[in-house]
Amino acid sequence: MSLTPRSARPEGAQDMPEAEYAANLRRATLSSSIGSAMEYFDFAMYGLMTALVFNTLFFPEGNAAMNTVAAFGIYGVGFVARPFGGLFFGALGDKVGRKTILVITVLLMGGASTLIGVLPTFHSAGYVAPILLVILRLLQGFGAGAEQAGATVLMAEYAPVRRRGFFSALPFIGIQAGTLLAGLVFSLLTLLMPEDAFLSYGWRLPFLASFVLILIALFIRARLRETPTFVQLEEHEQIADHPIREIFTTGRPGVVVGIGLRMAENGGSYMFQSLALAFVTSAAIGLDKGTVAWGVTLGSLIGIFSVPFTGHLSDRFGRVPVYRFGAVFMLLYTFPAWYLLSVGTEAVAIAVIAIGIGVAVNSMLGPQCSLLPEMFGARHRYLGVAMAREISAVLAGGLAGVLGAALLAWTDSNWIVLAVYMATLAAITTGATFLVPETRGRDLLKETDALRLSGEEHDHRMTAAAS
C-alpha cells in the first residue's frame, strides 16, 4: 500500500513512483531547512552583533547612540538588497526552475556571511571596514532575497495537498533552529569568553562557521529533483517568458496583500530579536546583554513546535483564521510587552521576548509557509512570493532596526513609541487577513492568482477541501 496516496500528492506528482516521491520530499524538506537555518542564523547573529558589537568595532569612538543607529543602518542595507535579489532570482526561478536558483543563492548568501568573519575593524582599517561590511551585507541580502521564497515554493509544490500547511511549515523549523543556534552561540560566547577576547576574535567564529552549512546544503540540493509543478509547466510549454511583466500586472494585487500579511510577522520578528535587546541593554535600562539574549533562544525553541503546529492547524481550520489569530495576538500583546521590557527585570525581559518570538510571530509564520505560494499562479509563483516577502522585509524588518534605534535615541528610550510602532505593524497585518481569500487545498498548477478567483473555482476548491 502506498504511504502517500496518489490523490493526495501535489499536482504533477501523481505518476511519480512512491519511493521516488518520498525520497524527493525528504530531500526538499532537508534542503529547505538547511537553507532557512543558514539564512536566519546569519541574520539573527548579525542582529545580535549589530546591537551589541558592530556599533563599537566598525565605527569611531564617539556618540554611542548614533553609532548604534549607524550599525542598524548597515543592518538595514541587507534588507534593501533583498527585493532586488528577489526580483532577479525570482524571475529566473520561474524561467529555469526552483532547484538551480536555490544552489546559487546558498552560495552567494553563505559566502558573504563567511567573509564577514574575516573583515578588519575600524581600528585597523578605518572607514574601509564599514564600507566592506556594507558590500558584504548587500551580497548577503541579494542572495537571501530569493532563498526563503525558493524554499517556500519548493516545499509547497512538493507537499501532499491535504497536509500542505504542515509540510510547508517543516522547513521553517530551520528558521527557528538557525535563530536558536545564533542566540545560543552568542550567549555562550559572551558567557565563556572574556570581553576583550570576544571583541578581538570571538565574534568572528559564528560567521566563519557558515562555511560548513554551505557544504551540507550544496550536497543535498545537488541530489534534489525539480518540483513536480515546474516539470509540468515545462512539459506543457507554459513557462512564463516575462514573469516580471506578469507580476507587475496580473500579480500585483497578490504582492500588495502579501506585503501587508508580512508586516507584523517580519517586523515583529526583528524588533523582538534585535531592537528589544538594544532597548533593554541601553544605558536607560542597563540589563546584561548575554543574559537577555536567552529570550531569543527560548523564543526560537518555542518556534520549533509552534511553526509546524500552526501549519497543521491551517490544514484543519484554514490559512486565514490561524494567520489572523497570530496578528490579533501581537496587536494585543504589544503594549504590555514593551512596558514590561521597560521595567528592567532580566527574567521578565527574557519571557517577553520569548513569547513575542515563539507565539506572536510564529503563529503567523506557520500558516504563511503555504498561504503565500497558494496566493500566486504557477507561472510567476517564485517571483510573486519573493516580491511579497522581500519588499515587506525592507518596509518592516529593515526599518524596524533603523527607525527603532532612531526612536530610542530621539525619545531617550521611551517604550511607548516602540509599542505604537509594533502595534501599527500588527494592525496592518490584521487588516490584510480580510483581503485574502481562503487558499487551503488550492491547485498549484493554476495560472491565475488566488486574489482573482472566479466564483466557480472558489466553490469547487472549498468543496474539495471539505471532502
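**Salt bridges, helices and surface of a predicted model**

D94 and R98 pair up in a salt bridge, their closest N and O atoms sitting 3.0 Å apart; the term covers a side-chain nitrogen of Lys or Arg within 4 Å of a carboxyl oxygen of Asp or Glu. The model is a predicted one, so local features need pLDDT of at least 70 and side-chain atom pairs count only at pLDDT 80 or more, while totals for chains, interfaces and linings use all residues. Residues are numbered from 1 along each chain as its sequence is written, and side-chain values use heavy atoms, with hydrogens and water left out.

Both partners of that first pair are out of sight. D94 counts as buried because its relative accessibility is 2%, and R98 is buried as well, at 0%. Buried here means under 20% relative accessible area, exposed means over 50%, and partly exposed is what falls in between (1.4 Å probe, protein chains only). The pair doesn't stand alone: D94, R98, E157 and R381 are linked in a network of salt bridges.

In total, the structure holds 11 salt bridges. One of them joins the side chains of E374 and R164, at 2.9 Å from N to O. E374 lies in helix 17 (residues 346-375) and R164 in helix 6 (residues 164-169), so this pair ties together parts that are 210 residues apart in sequence. E374 and R164 are both buried. Another bridge runs between R319 and D315, with closest N and O atoms 2.9 Å apart, and these two residues are buried too.

As for the fold, the protein has 20 helices and 0 strands, where helices (H or I, at least four residues) and strands (E, at least two) are DSSP runs numbered from the N terminus. Helix 3 (residues 98-116) has 19 residues and should span 27 Å at 1.5 Å a residue, which agrees with the 27 Å between its end C-alpha atoms; the expected span is 1.5 Å times one less than the number of residues. Its buried residues include R98, I101, L102, T105, V106 and M109. Helix 7 (residues 173-192) tells a similar story: its 20 residues reach 28 Å from first C-alpha to last, close to the 28 Å expected. Among the buried residues of helix 7 are G174, I175, G178, A182, F186 and L189.

Between helix 9 (205-208) and helix 10 (210-222) comes a loop that holds A209, which is partly exposed with a relative accessible area of 38%. A209 and G117 are 92 residues apart in sequence but 8.8 Å apart in space, C-alpha to C-alpha.

On the whole-protein scale, a compact globule of 467 residues would have a radius of gyration near 23 Å, and the 21 Å found here agrees; the radius is taken over C-alpha atoms, and the globule rule is 2.2 Å times the number of residues to the power 0.38. The C-alpha atoms fill a box of roughly 65 × 45 × 40 Å along the principal axes. Of the 467 residues, 61% count as buried. Contacts (heavy atoms within 4.5 Å) reach far along the chain: among those between residues at least 6 apart in sequence, 85% join residues at least 24 apart.

The protein exposes about 16900 Å², with carbon and sulfur atoms supplying 69% of it; accessible areas come from the Shrake-Rupley method with a 1.4 Å probe, and for residues only the protein chains shown count as cover.
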